[in-house]
Amino acid sequence: MSGHTALIPDDQAFSNFRGECTSETGWNLSYNKSGVTVWIQMLEEEKSLHKIKCRMVCKDVSADTMYDVLHDIEYRKKWDTNVIETFDIGKLTVNADLGYYSWRCPKPLKNRDVITLRSWLPMGTDSIIMNYSVKHPKYPPKKDLVRAVSIQTGYLIQRQGPSACTLIYLAQVDPKGSLPKWVVNKSSQFLAPKAMKRIHKACVKYVDWKLRHAPGHKPWLYPEQNTLPSMPLSELSVQHADSLENIDESSLTESREEHSDEEAH
């Protein structure tokens, strides 16, 4: 999204995203173990700006369950251990909304947050959920968090039969600031695979959880259930990275405490 005006992605934007998810051209393989594969594409070495792509094969999770889990914000608060706060702000169309998400970063980095325009679309046997960063006057950057920028982030879910699917996660995020090299390495070698496995685990437990928590409530499938206030697109503009404060964290070294904490989980 290159201009200043926020736009709802059209069918071509979804097709382009799917094409990038399934192409291996220009990507460097950085991890491949037990059904999870991770690729990296460095864009600007000096800024640690990169794209990351993860693919996970799930032989025991249906595409429908995966789609529900990635949409269900109440369930996310339960399984996503990195989340600090997340909430929906308003709806733009039947398949687009505005949301807030803040997350814990590896110590000693500062935690980040984003405001994103999210949209979703079923495409045959595939489904896509994707987002990019926008600005909203009521949700300016916070003092204790670094406002990151999702240039484009999303999921492609591919149905592989009645109870199996493949999940591809593609992210181009500007973390705002010069990050140390170990962060990029750690995200591809450790954090991304761990996050994918956590999603898989969440999917396995979801059906039972949902039976006990408003089982029929799925506004991402049934737009008439959506109680969010309608918002005009004109209230939003694209969040460009260069308008945000840069944080230089390039000299920070990895916290030993973080490592032992990770191993304890």
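Okay, let's start with Asp 113 and Arg 147. These two form a salt bridge, and their closest N and O atoms are 2.8 Å apart. Asp 113 belongs to strand 6, which covers residues 112-123, while Arg 147 belongs to strand 8, so this pair ties together parts of the chain that are 34 residues apart in sequence. Keep in mind that we're looking at a predicted model here.

So are these two partners buried or exposed? Asp 113 is buried, with a relative accessible area of 0%. Arg 147 comes out at 6%, and that counts as buried too, because the cut-off for buried is under 20%.

That's one salt bridge, but how many does the structure hold? Eleven. Let me show you two others.

Take Glu 20 and Lys 51. Their side chains meet in a salt bridge at 2.5 Å, N to O. Glu 20 sits in helix 1, residues 11-22, and Lys 51 sits in strand 3, residues 49-58, so the pair links distant parts of the chain, 31 residues apart. Now look at how covered the two ends are. Glu 20 is partly exposed, at 22% relative accessible area, whereas Lys 51 is buried, at 13%.

Next up, Lys 142 and Glu 85. Here the side chains meet at 3.4 Å, N to O, again as a salt bridge. Lys 142 is in the loop between strand 7 (126-135) and strand 8 (146-147), and Glu 85 is in strand 4 (residues 83-93), which means the pair ties together parts that lie 57 residues apart in sequence. As for accessibility, Lys 142 is partly exposed at 37%, and Glu 85 is partly exposed at 35%.

Right, let's zoom out for a second. What is the chain built from? Five helices and eleven strands. The chain has 265 residues, and 51% of them count as buried. If you take the contacts between residues at least 6 apart in sequence, 66% of those join residues at least 24 apart. And the accessible surface of the chain is about 13400 Å², with 52% of that belonging to carbon and sulfur atoms.

Now pick out helix 2 on the screen, residues 63-71. Eight of its nine residues are buried, so this helix is largely enclosed by the rest of the structure. Which residues are the buried ones? They are Ala 63, Thr 65, Met 66, Tyr 67, Asp 68, Val 69, Leu 70 and His 71. Here's a handy bit of background: an α-helix has 3.6 residues a turn, so residues three or four places apart point the same way.

Let's stay with His 71, which is found in helix 2. His 71 is buried, with a relative accessible area of 5%. What is His 71 in contact with, once you leave aside its neighbours within four places in sequence? The list is Arg 118, Trp 120, Ile 129 and Trp 220.

Okay, on to the rings. The structure holds seven aromatic pairs. One of them is Tyr 155 with Tyr 169: the ring centres are 5.2 Å apart and the planes are at 40°, so we call the pair tilted. Why tilted? Stacked needs planes under 30 degrees apart and edge-to-face needs over 60, so 40° falls in between. Tyr 155 comes from strand 9, residues 149-159, and Tyr 169 comes from strand 10, residues 165-174, so this pair ties together parts that are 14 residues apart in sequence. Tyr 155 is buried, at 14% relative accessibility, and Tyr 169 is partly exposed, at 22%.

There's also a cluster of rings to find: ring pairs link Tyr 75, Tyr 206 and Trp 209. And while you're hunting for rings, have a look at Trp 39. The charged end of Lys 53 sits over the Trp 39 ring, 5.5 Å from the ring's centre.

Last stop, the cysteines. How many disulfides does a search of the whole structure find? Zero. You can still look up Cys 21, which is buried at 4% relative accessibility, and Cys 54, which is buried at 0%.

To pull the salt bridges back together: Asp 113 and Arg 147 join strand 6 to strand 8, Glu 20 and Lys 51 join helix 1 to strand 3, and Lys 142 and Glu 85 join a loop to strand 4. Try finding those three pairs in the model yourselves.

Note on methods:
Residues are numbered from 1 along each chain as its sequence is written. This is a predicted model: local features need pLDDT of at least 70, side-chain atom pairs count only at pLDDT 80 or more; totals for chains, interfaces and linings use all residues. Side-chain values use heavy atoms; hydrogens and water are left out. A salt bridge is a side-chain nitrogen of Lys or Arg within 4 Å of a carboxyl oxygen of Asp or Glu. Helices (H or I, at least four residues) and strands (E, at least two) are DSSP runs, numbered from the N terminus. Buried means under 20% relative accessible area, exposed over 50%, partly exposed in between (1.4 Å probe, protein chains only). Rings of Phe, Tyr and Trp (its six-membered ring) pair if their centres lie within 6.5 Å; planes under 30 degrees apart count as stacked, over 60 as edge-to-face and the rest as tilted. A charge sits over a ring if NZ of Lys or CZ of Arg is within 6 Å of the ring centre and within 35 degrees of the ring normal. Contact means heavy atoms within 4.5 Å. Accessible areas come from the Shrake-Rupley method with a 1.4 Å probe; for residues, only the protein chains shown count as cover. A disulfide is a pair of cysteine sulfur atoms within 2.5 Å.
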